[in-house]
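Student: I have a structure in front of me and would like to learn how to read it, feature by feature. Could you take me through it?

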Amino acid sequence: VKGWPTDTYGVGGPTRPPAPSITGVRVDSEGLLWVFIRTAGAGWKDAWPPNAANREIRYGEVRHDILHDTRVEVLDPDAKRMITRIDLEDYIVAVLPNGRAAAYSPTEDGEPRVRILELSLLRR
């Protein structure tokens, strides 16, 4: 992804966005490759607790649902081309069978919540 650091890996920090990483790959019934790429969320700086730059923090203190978004790219390996790409404002934590994915987003009260999304390709 243009503009992202290429020599780092992980969640970044209060002054550095998280590096992109592939979080899942699946092949659909047509032989298309679906690649799920974790990217920095638009509000990634807000994911860090106050004074995070000046102290050691626990992994659980970081709001990963804000820190991360997900890009999904659908590739045709036979034609060697990308069919489509979409950027989701979701933190995908698992790629599931049958075109589904699990997205983590806590409730307003901070309770953990996982939503199951169904992704499909509509051809024109």
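Tutor: We will go through confidence, sheets, backbone angles and the largest pocket in turn.

Student: What kind of model is this, and how are its residues numbered?

Tutor: This is a predicted model, in which local features need pLDDT of at least 70 and side-chain atom pairs count only at pLDDT 80 or more, while totals for chains, interfaces and linings use all residues. Residues are numbered from 1 along each chain as its sequence is written, and side-chain values use heavy atoms, with hydrogens and water left out.

Student: What is the mean pLDDT of the chain?

Tutor: The pLDDT is the predictor's confidence in each residue, from 0 to 100. Where pLDDT is low, the predicted coordinates should not be read in detail. Here the mean over the chain is 89, and 93% of the residues reach 70 or more. Among the elements, which are DSSP runs numbered from the N terminus (helices are H or I with at least four residues, strands are E with at least two), helix 1 (residues 64-67) has the lowest mean pLDDT, 92, and strand 3 (residues 68-76) the highest, 97.

Student: Which strands form the sheet of 4 strands, and in what order?

Tutor: Two strands pair if DSSP finds at least two bridges between them. The open sheet of 4 strands has the order 1-2-3-4, with antiparallel pairing. Strand 1 (21-27) and strand 4 stand at its edges with a single partner strand each, so one side of each is left without a neighbour in the sheet. Neighbouring strands of this sheet are turned by 20 degrees against each other on average, direction ignored; such angles are taken between N-to-C directions of axes, which are lines fitted to C-alpha atoms (for helices over the stretch in contact), and run from 0 to 180 degrees. Within the sheet, 8 bridges join strand 2 (residues 33-40) to strand 3, and Leu33 has Leu75 in strand 3 as its bridge partner.

Student: What is the order of the open sheet of 3 strands?

Tutor: That sheet has the order 5-6-7, and its pairing is antiparallel. Strand 5 and strand 7 are the edge strands, each with a single partner strand, so one side of each lacks a neighbour in the sheet. The twist averages 30 degrees from one strand to the next. Strand 5 (residues 91-96) is joined to strand 6 (residues 100-104) by 5 bridges, with Ile92 opposite Ala103 in strand 6. Another 5 bridges join strand 6 to strand 7 (residues 114-118); Tyr104 stands opposite Val114, and Arg100 opposite Glu118.

Student: Which residues have a positive phi although they are not glycine?

Tutor: Most residues other than glycine have a negative phi. Lys80, in the loop between strand 3 and strand 4, has a positive phi of about 55 degrees. Asn98, in the loop between strand 5 and strand 6, has a positive phi of about 60 degrees.

Student: Are Lys80 and Asn98 buried or exposed?

Tutor: Buried means under 20% relative accessible area, exposed over 50%, and partly exposed in between (1.4 Å probe, protein chains only). Lys80 counts as exposed because its relative accessibility is 76%, and Asn98 counts as exposed at 67%.

Student: Which strand gives the most to the lining of the largest pocket?

Tutor: Strand 4 (81-88) gives the most, with 3 residues.
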